[in-house]
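Work through the following exercises with the coordinates open, and try each task before reading its solution.

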Amino acid sequence: MRITTVGGGPAGLYAAILLKRGDPTRHVTVYERNAPDDTFGWGVVFSAATLAELEDTDAISYDRLLRACARWDPVDVEHRGRVVRALGNRFAAISRKRLLQILQERCGELGVDLRFETEVDPTDLGGADLVLAADGINSRVRDQYADVFAPRRRVEGGRFIWLGTTRRYDAFTFVFAEHEAGVFQAHAYPYDTELATFIVECAPEVWQRAGLDTRAAGELAPGESDPHAIKFCEELFADHLGGHPLMGNYSRWLEWTTLSNRAWHHDRLALLGDAAHTAHFSIGSGTKLAMEDAIALARAVDTTTDVASALVAYEAERKPVVERMQEVARESLQWFSRTDRYVHLPTPQLAFGLLARSRLTYERIRQRDPTFVTAVDRWFAARSQPRGEPTAPTAAPPPAFAPARIAGLGLGNRMVLASEEVATGRDGQPDEATPTRLAALAAGGAGLALVERVAVTPEGRITPETPGCYTDEQEAAWRDARAAARERADDVAVGMQLVHAGARGATRPRREGVDVPLRDAWPLVAASSRPYTPRSPAPTPLDAEGRVRVREAFADAARRAAHAGFDLVEVHLGHGFLLGGYWSPLTGDADDWRDRLAYPGEVVAAVLEALDGAATLSVCWSASDLERGGTSPEDAVAGARTLADAGVGLFNVVAGQTTPRGAPGYEPHWGAGWSDLIRNEAGVPTIASGAIRDPLDASHVLAGGQADLCVLGRPHPAVPGWAHDL
Ligand SMILES: Cc1cc2nc3c(=O)[nH]c(=O)nc-3n(C[C@H](O)[C@H](O)[C@H](O)COP(=O)(O)OP(=O)(O)OC[C@H]3O[C@@H](n4cnc5c(N)ncnc54)[C@H](O)[C@@H]3O)c2cc1C
């Protein structure tokens, strides 16, 4: 069998080793356009899991590689003069040049034909039985068959430059430097006894504001490093570097490109490594993925009878694994491209968020380093202590169990149990079981029990069973329910979320389907005449008189809720209900966010006045419609700031459902990112929700500073009928 490998990087060389070792009769040739020791960059990182895989695959190259690696365990986060250390990470790194030497040497021993300084013409791939395109991100071989592979390039994340330094490290070190243009971070790690990799990164707008775009990379000669960039970074990180220089090696400011391909093989040709995919450097996986591709490909060739089946098996094994890794890398990339948002967080919270950025759970971080997580818990508990209490508890619970005081509301812990099934209404009147159910919700263990979706007018009900809070009888029923909750759990705060259904009104009860219109629907009013679904009745846009009526209805219902003893009143400004309809450009008639917020803002002001401090006001705030053309993150932040200035103390952040097309993703704690946006960019307290399943999930979100409170996912699937099971 004749095998041609285009590219002598980690993917091409490792594949050549394994294919030749698998069957010495194979003729394996590697073509590399550069000289053997002519390479870019500094060190590359491997995790313990990758090393274990390399050991099982080819023990000889693994032994050499391990001897050449620097190994360490801690991650340090250096921020505003403090260093926080987390253990249990088990990393190794090696100089890229040394890695290639080891792989080249091993190729030579096995009889692989290595041809350096030989550029392959992709239009002439010769007559080999198998061709491996391992020619890197700019693969010309792949692009020759672009119609088959359909490569997709996404330029994303910040600007970065890959440098080296003589400063010694004993940890993977993240350093945050605040410049007048914004935040820069360095990712630094040792890779041998003398040298360390030092990657500097910042958001694109920070790079521009710092004037770093004035010298475009195009002005540099091929292979030249950007002296201006190196000097800038040396000055910026001078305190941290302590006199050590930064060094370039083909170093210049770059933009990250995430590359993926629709197919990974065609005929006798397979893509490997960066030619097939890239994953942001902040999860240190490019070389690992390249070498794992080589392992999978060689195994497929060794265990199948023909090249065609081998390539099918290779792609089927690797593509899903790599795509998942790319998703994780994207989350990491996004975290690092918005460090301006996080740099104001206290150091323990920043450090936790950094470690947790790519799906490492609270529990997993605790398993790796219980001391680190205990310190985060203690810090969190200390800052959560009510005034006058000792500030440093010796045994601190996970953050979900820490008390909170937000907008005047004292909470025993930071979990929220929210349910719209507390009351079944007839003509808006809560049924007799309401006190029992509210008591059960309050006794559920959370610091706040929230009754969701209580209507402010009869036509504002979602279904005929939606309870209301607009008559004296309804108020009395809620008072009884609140008293029952107090009896079961007198230290638990209870909130009522007020809604006007708008275009989503007059539907059948949920058990009969979502947003299924009633046959004898009552007339609907909304921000515009757009029906919620194609089968929903068209609402009538509210006129000036109608807007006053609804505003007063919200104020009246809020007053009643406070009289009934509710500690918190929440106004629903999302999910396509009436006020959310004004706020979204998809359903309202105004473009500018100020105009879209005008009426909901009026309602909020009326509710604040009606409450007059008798209860805390929260809004259910739609941070995104999860649809093209919907509310932008900038508008969501600006709107939240405006409402906070008007006196809103808490934002229950939601996303989607403005129209039926805006469906959420449902991955674990998917909503926390929207809460993070509002909390850390608008600087307001938030509640996060969205697949936060238990106190550990909540602790993950809270410890990383993404929210102040968390709604735990509905307990119904786990405990059917929980609310009735008393
Ligand atoms: C800033 C930065 C930091 C990184 N840090 C890490 C890290 O910590 N850990 C990690 O695992 N990865 C890291 N990576 C990624 C890593 O460098 C790549 O993912 C890895 O090198 C991919 O290996 P490869 O063999 O697929 O491609 P490459 O290493 O790009 O090799 C491709 C080779 O093909 C040759 N070639 C191209 N075209 C031809 C042709 N027509 N004929 C002959 N030869 C050709 C090139 O000269 C090159 O040598 C980092 C990348 C960057 C940019």
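A polar contact is a pair of N or O atoms within 3.5 Å; within protein, one atom must be able to donate a hydrogen and the other to accept it, and residues adjacent in sequence count only if both atoms are side-chain atoms. The model is predicted, so local features need pLDDT of at least 70 and side-chain atom pairs count only at pLDDT 80 or more, while totals for chains, interfaces and linings use all residues. Residues are numbered from 1 along each chain as its sequence is written, and side-chain values use heavy atoms, with hydrogens and water left out.

**Exercise 1. Describe the surroundings of the ligand and its polar contacts.**

Step 1. Count the shell, taking a residue as near if one of its heavy atoms lies within 4 Å of the ligand: 32 residues surround the ligand, and the closest are A11, E32, R96, D274 and T287.

Step 2. Look for oxygen atoms of the ligand in polar contacts: one is 2.7 Å from an N or O atom in the side chain of E32, one lies 3.0 Å from a backbone N or O atom of V45, and one is 2.6 Å from a polar backbone atom of T287.

Step 3. Evaluate the cover, with accessible areas from the Shrake-Rupley method and a 1.4 Å probe: the protein covers 92% of the 990 Å² that the ligand exposes on its own.

Step 4. Assign the shell to elements, where helices (H or I, at least four residues) and strands (E, at least two) are DSSP runs numbered from the N terminus. Two or more residues each come from α1 (10–22), β3, β10 (152–165) and α10 (286–303), and the largest share, four residues, belongs to α10.

**Exercise 2. Which strands stand at the edges of the sheet that contains β3 and β4, and why is one side of each without a neighbour?**

Step 1. Establish the order, counting two strands as paired if DSSP finds at least two bridges between them: this open sheet of three strands runs β3-β7-β4 with antiparallel pairing.

Step 2. β3 (43–47) and β4 (70–72) are the edge strands, and because each has a single partner strand, one side of each is left without a neighbour in the sheet.

Step 3. Check one pairing: β4 and β7 (residues 91–95) are joined over three bridges, with A70 opposite A93 in β7.

**Exercise 3. In what order do the strands of the barrel close?**

Step 1. Eight strands close in the order β20-β23-β24-β27-β28-β29-β30-β31, and the pairing is parallel.

Step 2. Take one pair as an example: β24 (residues 493–499) and β27 (residues 568–573) pair over four bridges, and L498 stands opposite V571 in β27.
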